[in-house]
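I opened the notebook to record what I looked up in this model. The entries follow the order in which I went through them.

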Amino acid sequence: MKKRADTRCTLLTLKQCARYLKKHDNYIILTHASPDGDTLGSAYALYYGLNEIGKRASVLCADIIPKKYDFFVRATDHIKREGATVVAVDVADKALLGELKEEFGDIVNLNIDHHISNSQFAENLYLDATAAATTEIIFELLSLMKVNINDITAKALYTGLVTDTGCFKYATVNAKTHIIAAMLYEYNINASEINRLMFDTKSKKLLELEKQVLETAEYHFDDKCIILTVTDKMQESTGCSGTELEGIAVISRSVEGVKAGVTIKQTDENKFKVSVRTYDPLDASAICKKLGGGGHKGAAGASVSGSLAEVKEMILKAVKEAMEE
Ligand SMILES: [Mn+2]
């Protein structure tokens, strides 16, 4: 597929977004790499919804989809790349497409997202930064399109809602989030089972890794900032890595008095993924922006190169600046 000549991004309303999806027939739906419940829930709910109105779609993800999402993940249609309409969901920047960036980064036709930091890389964008999850938007979109929602679609939508809100705990949650959740309870979603899988279940190897990670805890700025480190070695010795580490950043924000919880994950010898979780008035996305990343006010991330000591120094500088602002 050809890269488009015009790199401007058109901002759509939800109505225009619905009209756009009705107009085309064959879709490739992209999730972000290291997939979470929201990007997967959005992609599959959109896939099921499009299928309901006779469209065909294929869901693509750069990384292996964790098994815990098996209850709504199914084989999707085979769609030829040529002539397909490319839709990204919950993808704030093309770099987040991971290995799919090369092929699709410059040819995304429609992006549906809720990240305030969205870099507007797609041809068309529907952005609602007030949505607690992208599945909130997908629910509204399917409703507007008068698309039939099945139990499996509802499960995918609910999973996005709970995973992006820490089970309705985060500051991003509003009345609408709960109203949509309530409407999803009308379907056979088995919400308690979804929540058990998403929040109360971890593998033995993850527990072992967490034990080691807790040993690395270091405090800064009057204990207002904590840094946890996940090294290559820990990932090798426990056999726990990649998407299996999803959720580990949550630990940092659970410590009393901490305003900035930082988790550093080693991805290569001199490469680290930094996850930042903050409480008001600190802005995680502002901290991560200083490190070349982005995200939400309460949760953001960045990829940083350097030695572990250098990376820590950069992070502390960014956190300090944010605390002083
Ligand atoms: Mn999301």
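**Entry 1: a serine near the end of the list**

Where is the place of S285? I found S285 in helix α10, which covers residues 284-290. Note first that I am working with a predicted model. Next I asked: is S285 buried or exposed? The relative accessible area of S285 is 13%, so S285 counts as buried, the cut-off for buried being under 20%. I then listed what S285 touches, leaving out residues up to four places away in sequence. The contacts are G294, G295, H296, K297 and A300.

I also checked the loop between β10 and α10, where P281 lies. The peptide bond joining D280 and P281 is cis, with omega about 0°.

**Entry 2: the whole chain**

I counted the secondary structure. The protein chain has eleven helices and twelve strands. Its C-alpha atoms fill a box of roughly 55 × 45 × 40 Å along the principal axes.

I compared the radius of gyration with the globule rule. A compact globule of 325 residues would have a value near 20 Å, and the protein chain has 19 Å, so the two agree.

Burial came next. Of the 325 residues in the protein chain, 51% are buried. The accessible surface comes to about 15,500 Å², and carbon and sulfur atoms hold 50% of that.

I looked at contact range as well. Taking contacts between residues at least 6 apart in sequence, I read that 65% join residues at least 24 apart.

**Entry 3: the metal**

Which residues are the protein donors of the manganese ion? I noted D38 (OD), D90 (OD), H114 (NE2) and D164 (OD). These donors lie 2.1 to 2.3 Å from the manganese ion. Along the sequence, the donor residues follow the spacing D-x51-D-x23-H-x49-D. D38 sits in helix α2 (residues 37-52) and D90 in the loop between β4 (85-89) and α3 (101-104), so this pair ties together parts 52 residues apart in sequence. I checked cover for the pair: both D38 and D90 are buried.

**Entry 4: helix α2**

D38 led me to the rest of α2. How many of the 16 residues of α2 are buried? I count 14, so to speak of this helix as mostly covered is fair. I then tested its length. At 1.5 Å a residue, the 16 residues of α2 should span 22 Å, and the end C-alpha atoms are 22 Å apart, which agrees. Just after α2 comes G54, with a positive phi of about 80°.

**Entry 5: a six-stranded sheet**

I traced the open sheet. Its six strands run in the order β7-β8-β9-β10-β12-β11, and the pairing is mixed. The edge strands are β7 (218-220) and β11 (294-295), each pairing on one side only.

I spent longer on β9, residues 260-268. Seven of the nine residues of β9 are buried, which leaves the strand mostly covered. How do β8 and β9 pair, parallel or antiparallel? β8 (residues 225-230) and β9 pair in the parallel sense, over six bridges. I wrote down two partners in β9: T263 for L228, and K265 for V230.

β10 (residues 271-278) is the other neighbour I looked up. β9 and β10 run antiparallel and are joined by eight bridges. The two strands form a hairpin, with two residues between them. T263 turns up again here, since its bridge partner in β10 is S275. T263 is thus bridged to L228 and to S275.

**Entry 6: positive phi outside glycine**

I noted two residues with this feature. N190 is not a glycine, yet its phi is positive, about 50°. N190 falls in the loop between α6 (175-184) and α7 (191-199). Its relative accessible area is 46%, so I log N190 as partly exposed.

The other is D223, with phi near 65°. D223 lies in the loop between β7 and β8. Is D223 buried, exposed or partly exposed? At 46% relative accessibility, D223 is partly exposed.

How values were computed: Residues are numbered from 1 along each chain as its sequence is written. This is a predicted model: local features need pLDDT of at least 70, side-chain atom pairs count only at pLDDT 80 or more; totals for chains, interfaces and linings use all residues. Side-chain values use heavy atoms; hydrogens and water are left out. Donors are N, O and S atoms within 2.8 Å of the metal (3.2 Å for Na, K and Ca); water is not among the atoms, so sites may look incomplete. Helices (H or I, at least four residues) and strands (E, at least two) are DSSP runs, numbered from the N terminus. Buried means under 20% relative accessible area, exposed over 50%, partly exposed in between (1.4 Å probe, protein chains only). Two strands pair if DSSP finds at least two bridges between them. Contact means heavy atoms within 4.5 Å. The expected span of a helix is 1.5 Å times one less than its number of residues. The radius of gyration is taken over C-alpha atoms; the globule rule is 2.2 Å times the number of residues to the power 0.38. Accessible areas come from the Shrake-Rupley method with a 1.4 Å probe; for residues, only the protein chains shown count as cover.
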